[in-house]
Amino acid sequence: IKGYLQMKGLFDFTVDELGPCKVKSPIQLSKSHGDMVANYVYDNEFVRYNVDVFGDVSKEDEDLCKKNLIEKAGPRELIYFNPKHVNAGICTCGGLCPGLNDVIRAVVRCLWNRYGVRRIRGIRFGFKGLLPEQGFDTIDLNPDLVDDIHKTGGSFLGTSRGGGDKVMEIVDAIEALNMNMIFIVGGDGTQRGSLDIANEIEKRGLKVAVVGIPKTIDNDLIFIQRSFGFDTAVQKATEAVAAAHMEAHSHINGIGLIKLMGRESGFIATATALASHETNFCLIPEIPFDLEGESGFLAELEKRIVNRHHAVVIVAEGAGQEHLKATGEHDASGNIKLGDIGVFLKDKITDYFKKKKIHINLKYIDPSYQIRSAQANPSDSIYCERLGNNAVHAAMAGKTKIVIGLVHNKYVHLPIRLVTAKRNKVNPEGSMWRDAIDATGQPTLMVNDREAVIAKLKAEK
């Protein structure tokens, strides 16, 4: 059992705080149960990270599990900041994602309506909006201004990639604007920048709460159950798969090829394969595949065409990069620029069947930006509202260097240092991928030398 716990990992979820909370919250809640009024959340309320049970669990092992307690999010009875003194800022960074406007709206409305904060600044175009040379003014935000922004996609404040490495200049701007809390909406790279900014703020002795709201359409932040926008992305991707399936099914030997988001993690592709019920192959970064050879992808695709005369293939953008020439370049967010696996596969499939003298009709769909710019669906809209509210409660209580996350369906405070430690990935041996294999009917591994691939994966792990 100890070995099992070590395998699961013991993590320090301690949350940084600006200081003791001495201000009575303006939010009127209850301290007891049974009075039909919601209760305050206290710092001694936790969610256990490790919930799996393996064999017989002794008292000693149960004590070890207590080291994996995550602080619950929510409104505190005593807060750190006097609402009348609060000068808040919010920015959205990185690529577009459904739900950005819902988060902005939730943060502004909670600050204004629940805490009575009257100074809320919208920082335009991500971190670059804090850099003087960019020349962007802030926007004074209030509920009237943001009330309807959730009805459209995109970001009301605008967004951009990069800029988070200019830590000194960003903290200079935060100090010059006299902000004492900032809400940063973004993914892995953005939150790393947030942590650097928070560390510099601490180094200068400033009392500024830095609270992150996790935005990554790939759902690749560890510890967090899901990031906002993911459900909408799967819904929109499923619509693209339905169109591809209709095209494939309506033509002689039709093939629908859909490229979806997923640089290092194939969650969108996997969830879409499960949701669509019409996908025959799902290619993701976590699972290697050969193109050629008896057990390669192209041979398996041929078997499907010969037997069923149509096929639908989903490929995540980061899948099969070993088959493409590495660019060696990076984008503004510091991510390695990927080769276009969608176009590459389209050409390879076309050439393969041409050589085999098998007529096919291939339709290629890349709905990525259409998905990114979509309005959030109801599920994501609810999630964004609650993330935004809990982010405000955390900042008002002086929590800093955290992101708000969902763990075991509970809203919690997660240290940025843990969330950005590594990427969350689809587990090839987990139940989600197992069910995806069942849904598609594809082989578990489309490789010619199975033993060599498994040995390589074990060595890398």
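**Exercise 1. Helix H3 and the residue after it**

Task: In this predicted model, find which residue follows H3 and state the sign of its phi. Then check the length of H3 and describe how covered H3 is.

Solution.
- Step 1. Glycine 116 comes after H3, and its phi is positive, near 75°.
- Step 2. Helix H3 covers residues 100-115, which is 16 residues. At 1.5 Å a residue the helix should span 22 Å, and its end C-alpha atoms are 22 Å apart, so the expected span and the model agree.
- Step 3. Buried means under 20% relative accessible area. By this cut-off, 12 of the 16 residues of H3 are buried, so the helix is mostly covered.
- Step 4. Among the buried residues are Leu100, Asp102, Arg105, Cys110, Leu111 and Tyr115.

**Exercise 2. From S6 to S7 and S8**

Task: How do strands S6 and S7 run relative to each other, parallel or antiparallel? What is the handedness of the crossover between them?

Solution.
- Step 1. Strand S6 (residues 88-92) and strand S7 (residues 120-123) are joined by four bridges and run parallel.
- Step 2. Opposite cysteine 91 stands isoleucine 123 of S7.
- Step 3. Between the two strands the chain passes through H3, giving a β-α-β crossover that is right-handed.
- Step 4. S7 also pairs with strand S8 (residues 139-140), here through two bridges and in the antiparallel sense. Arginine 121 stands opposite aspartate 140 in S8.

**Exercise 3. A sheet of four strands**

Task: In what order do the strands of the open sheet with S12 and S14 stand, and why is one side of each edge strand left without a neighbour?

Solution.
- Step 1. The order is S12-S13-S11-S14, with parallel pairing.
- Step 2. Strand S12 (281-283) and strand S14 (361-365) are at the edges. Each has a single partner strand, so one side of each lacks a neighbour in the sheet.
- Step 3. From one strand to the next, the twist averages 15°.
- Step 4. Three bridges pair S12 with strand S13 (residues 310-316) in the parallel sense. In S13, valine 315 is the bridge partner of leucine 283.

**Exercise 4. The nonpolar cores**

Task: Which members of the largest nonpolar core touch the most other members, and what does methionine 396 touch?

Solution.
- Step 1. The largest nonpolar core has 90 residues. Leu111, Met181, Phe183, Phe228, Met396 and Leu414 touch the most other members.
- Step 2. Leaving out residues up to four places away in sequence, methionine 396 touches Ile79, Tyr80, Phe81, Pro83, Val86, Leu111, Tyr115, Val117 and Met181.
- Step 3. Another core, of 25 residues, lies apart from this one and includes Ala311, Leu324, Ile349 and Tyr352.

**Exercise 5. Two residues and their surroundings**

Task: Are threonine 232 and glycine 74 buried or exposed, and which residues are they in contact with?

Solution.
- Step 1. Threonine 232 is part of helix H7 (residues 230-249). Its relative accessibility is 0%, so threonine 232 counts as buried.
- Step 2. Beyond its neighbours within four places in sequence, threonine 232 is in contact with Pro98, Ala374, Gln375, Ala376, Asn377 and Asp380. Aspartate 380 is 148 residues from threonine 232 in sequence, yet their C-alpha atoms are 6.6 Å apart.
- Step 3. Glycine 74 sits in the loop between strand S4 (69-71) and strand S5 (78-79). With a relative accessible area of 2%, glycine 74 is buried.
- Step 4. Beyond its neighbours within four places in sequence, glycine 74 is in contact with Val41, Asn390, His393 and His413. The C-alpha atoms of glycine 74 and aspartate 43 are separated by 9.7 Å, while the two residues are 31 residues apart along the chain.

How values were computed
Residues numbered from 1 in each chain as written. Predicted model: local features only at pLDDT ≥ 70, side-chain atom pairs only at ≥ 80, totals over all residues. Heavy atoms only, no water. Expected span 1.5 Å × (residues − 1). Buried < 20%, exposed > 50% of the residue type's maximum accessible area, 1.4 Å probe, protein only. Core = buried A, V, L, I, M, F, W, Y, C linked by side-chain atoms within 4.5 Å. Contact = heavy atoms within 4.5 Å. Pairing = 2+ DSSP bridges. Right-handed = clockwise from strand over helix to strand, strands pointing away. Axes fitted to C-alpha atoms, helices over the stretch in contact; angles between N-to-C directions.
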